Amino acid sequence: MSCLKHSDSIHRYFDGEMTQIEREQLYRHLEGCSECQEHYDEVKKSIALVQSASHIQAPKDFTENVMSALPHKKKRTIAWKKWSKKHPVLVAAAVFLLFMSSMTWLNWTDEWWRDGDFWGR
């Protein structure tokens, strides 16, 4: 068996997903394979570390303290954005006038071009 398969078996062992026969095969392999034994020991230590730290709790106001210690990002609002939010009707009117004047100018220049006034005739 390749050690990659045994790596998966080691994880299955610690997850409690192995049959008795599979556990016995894993024990036999670990006796003869130092690489898998090392991986087994590392996983076992990692699990022990996580379990030993599971009772540790953060202080009651931990989140608030961390958030208050972070640098505050200043909100930079541009003056015209503030103004446009306060006066939406005027913004709508200005946009309408801009489009209407653009359409009028385009219509006038199109007629001017088609009539030949552009060339001075």
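Analyst: Relative accessible area sorts residues into three classes: buried is under 20%, exposed is over 50%, and partly exposed lies in between (1.4 Å probe, protein chains only). This is a predicted model, in which local features need pLDDT of at least 70 and side-chain atom pairs count only at pLDDT 80 or more, while totals for chains, interfaces and linings use all residues. Residues are numbered from 1 along each chain as its sequence is written, and side-chain values use heavy atoms, without hydrogens or water.

User: Why is Glu22 called partly exposed?

Analyst: Its relative accessible area is 26%. That value falls between the limits of 20% and 50%, so Glu22 is partly exposed. Arg12, with 24%, gets the label partly exposed as well.

User: What makes Arg12 and Glu22 a salt bridge?

Analyst: Their side chains meet at 3.2 Å, N to O. The definition asks for a side-chain nitrogen of Lys or Arg within 4 Å of a carboxyl oxygen of Asp or Glu, so the pair qualifies. Arg12 lies in helix H1 (residues 3-15) and Glu22 in helix H2 (residues 20-32). The two are 10 residues apart, and the pair links distant parts of the chain. A search of the whole structure finds 1 salt bridge. In general, side chains of opposite charge can pair when their charged atoms come close.

User: What makes up the pattern of the protein, read along the sequence?

Analyst: The pattern is α-α-α-α-α-α. There are 6 helices and 0 strands. Both are DSSP runs, numbered from the N terminus: H or I of at least four residues for helices, E of at least two for strands.

User: How do you know that the span of helix H3 agrees with its 20 residues?

Analyst: The expected span is 1.5 Å times one less than the number of residues. For H3 (residues 34-53) that gives 28 Å, and the end C-alpha atoms are 29 Å apart, which agrees. H2 passes too: its 13 residues should span 18 Å, and its end C-alpha atoms are 19 Å apart.

User: Which residues of H2 are buried?

Analyst: Leu26, His29 and Leu30 are buried in H2. Seen down the helix axis, they fall within an arc of 100°, so they line one face. The arc is taken from the directions between the helix axis and the C-beta atoms. The face turned away carries the exposed residues Ile21, Arg28, Glu31 and Gly32. An α-helix has 3.6 residues a turn, so residues three or four places apart point the same way.

User: And which residues are buried in H3?

Analyst: Cys36, Tyr40 and Val43 are the buried ones. Their arc is 70°, so these residues line one face of H3. Exposed Ser34, Glu35, Lys45 and Leu49 sit on the face turned away from the buried side.

User: Why does Ser9 count as buried?

Analyst: Its relative accessibility is 10%, under the 20% limit, so Ser9 is buried. Ser9 is found in helix H1. It touches Met18 and Leu26, leaving out residues up to four places away in sequence. A contact means heavy atoms within 4.5 Å.

User: Why does Phe14 count as partly exposed?

Analyst: Phe14 has 25% relative accessibility, which lies between the two limits, so the label is partly exposed. Phe14 is in helix H1. It touches Tyr40, Val43, Lys44 and Ile47, not counting residues up to four places away in sequence. The C-alpha atoms of Phe14 and Tyr40 are separated by 9.3 Å, though the residues are 26 apart along the chain.

User: Which residues make the nonpolar surface patch?

Analyst: Phe62, Val66, Met67 and Leu70 make the patch, which covers about 370 Å². Patch residues need over 30% relative accessible area and no salt bridge; nonpolar side chains (Val, Leu, Ile, Met, Phe, Trp, Tyr) are joined within 5 Å, like charges within 9 Å. Phe62 has 44%, so it clears the 30% limit. Phe62 is in helix H4 (residues 62-69).

Notes. Areas by Shrake-Rupley, 256 points an atom, 1.4 Å probe, with all protein chains shown as cover.
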